[in-house]
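Work through the exercises below with the model open. Try each task before reading its solution.

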Amino acid sequence: MHKIPTYTLEQLYRKCLEAVNHISGVASEKTTEKYLQEMGFFNKETTYLNAVYGIMDMSNLSFRYIANTEISLGISEEDFIEKGFSQFLQTMTPEMKNMSAIPTLFGYMIDSIKEVPEEIRQNFVAYGYGMKHFRPSGKPFHTMVQIFGLEYDSNGFPTLCFIVDQDIDHLIKPTDQYWGRISFNNGEFVTTFSSKEMEMKKQDIFSKRELDVLKLLLKGYESKQIADKLFISSNTVDNHRKNMIRKLDARDTTALVQLTKQLGILR
């Protein structure tokens, strides 16, 4: 694994802490086992392949619990618990654009929470994808991070979160871009972010018409059948499909459908 200079790690870690400094509450001492059971993880030994998952205290970015790091990243769970979030940064490929994705996406998450009414702040799922980590072999791969809150402070910011970091290298083309999507209250309010534009948008990744096409692709319809159902041309259907593939840097239509499911766009 390429070793990242310590000063860079320290700077990035501080940037991550700065991004979440609006979080003022303190997470409770509720046991990790209790949370895992509530989420369907019956015990700490449960293993899910191709993903690192854990519980993180957002006030100081420390891990209460983390699993699968040895299989996915070649680093023991004990090291992650002891060294905290800087250990997570250490597993990323060293391009500054890639490493700076984490504090940028944290900031995007906090900015998105500020935008929504307080009554739905505590019902969100945040996604970030396109970031690159190293495998134990030293080969880089792309991941998708999913975050949802377990506990919140008085302003509705998450103090304790469950995090899943999943391998999606088989689904997206090689890219140096990254994206974010946050859905509140099961899609009632959605924001998106891309490193190409570096700004938050109060709209979903796909247009309504693109989603109409995608839902029919999911059902196995061909372009001509979709065109007939939506009263558009086959060329228009193909253009929508290509645009969606381009927006997510998906490898093909099958990967596009899988990515939209994992991003919570299709449920």
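**Exercise 1. Find the residue in β4 that is the bridge partner of valine 125, then trace the pairing of β3.**

Step 1. Valine 125 has phenylalanine 148 of β4 as its bridge partner. Strands here are DSSP E runs of at least two residues, helices are H or I runs of at least four, and both are numbered from the N terminus. This is a predicted model: local features need pLDDT of at least 70, side-chain atom pairs count only at pLDDT 80 or more, and totals for chains, interfaces and linings use all residues. Residues are numbered from 1 along each chain as its sequence is written, and side-chain values use heavy atoms, with hydrogens and water left out.

Step 2. Extend to the whole strand. β3 and β4 (residues 140-152) are antiparallel and share 9 bridges. Two strands count as paired if DSSP finds at least two bridges between them.

Step 3. Look at the connection. The two strands form a hairpin with 5 residues between them. In its turn, glycine 138 has a positive phi of about 95°.

Step 4. Turn to β6 (residues 179-184). This strand runs antiparallel to β3, with 6 bridges. Tyrosine 129 has tryptophan 179 as its bridge partner there.

Step 5. Check burial. In β3 (residues 124-134), 10 of the 11 residues are buried. Buried means under 20% relative accessible area, exposed over 50%, partly exposed in between (1.4 Å probe, protein chains only).

**Exercise 2. Describe the surroundings of aspartate 165, and state which side chain of opposite charge is nearest.**

Step 1. Place the residue. Aspartate 165 is found in strand β5 (residues 158-167).

Step 2. Test for a salt bridge (a side-chain nitrogen of Lys or Arg within 4 Å of a carboxyl oxygen of Asp or Glu). Aspartate 165 is buried and has none. The nearest side chain of opposite charge is arginine 135, 11 Å away. Lys and Arg count as positive, Asp and Glu as negative; His and the chain ends are not counted.

Step 3. Look for polar partners. The side chains of aspartate 165 and histidine 133 make a polar contact of 3.3 Å. Such a contact is a pair of N or O atoms within 3.5 Å; within protein, one must be able to donate a hydrogen and the other to accept it, and residues adjacent in sequence count only if both atoms are side-chain atoms.

Step 4. List contacts (heavy atoms within 4.5 Å). Beyond four places in sequence, the contacts of aspartate 165 include Asn50, Phe88, Thr143 and Met144.

**Exercise 3. Which residues of the largest nonpolar core touch the most other members?**

Step 1. Define the set: buried Ala, Val, Leu, Ile, Met, Phe, Trp, Tyr and Cys residues joined through side-chain atoms within 4.5 Å.

Step 2. The core has 44 residues; Met58, Phe85, Ile102, Phe106 and Met109 touch the most other members. Helix α7 (residues 101-115) gives the most to this core, with 8 residues.

Step 3. Zoom in. Among the residues that phenylalanine 85 touches are Tyr13, Leu61, Ile102 and Phe106.

**Exercise 4. What is the sign of phi at leucine 61?**

Step 1. Recall the norm. Most residues other than glycine have a negative phi.

Step 2. Leucine 61 has a positive phi of about 55°. This residue is found in the loop between β1 (51-57) and β2 (62-67).

Step 3. Add burial. Leucine 61 is buried, with a relative accessible area of 0%.
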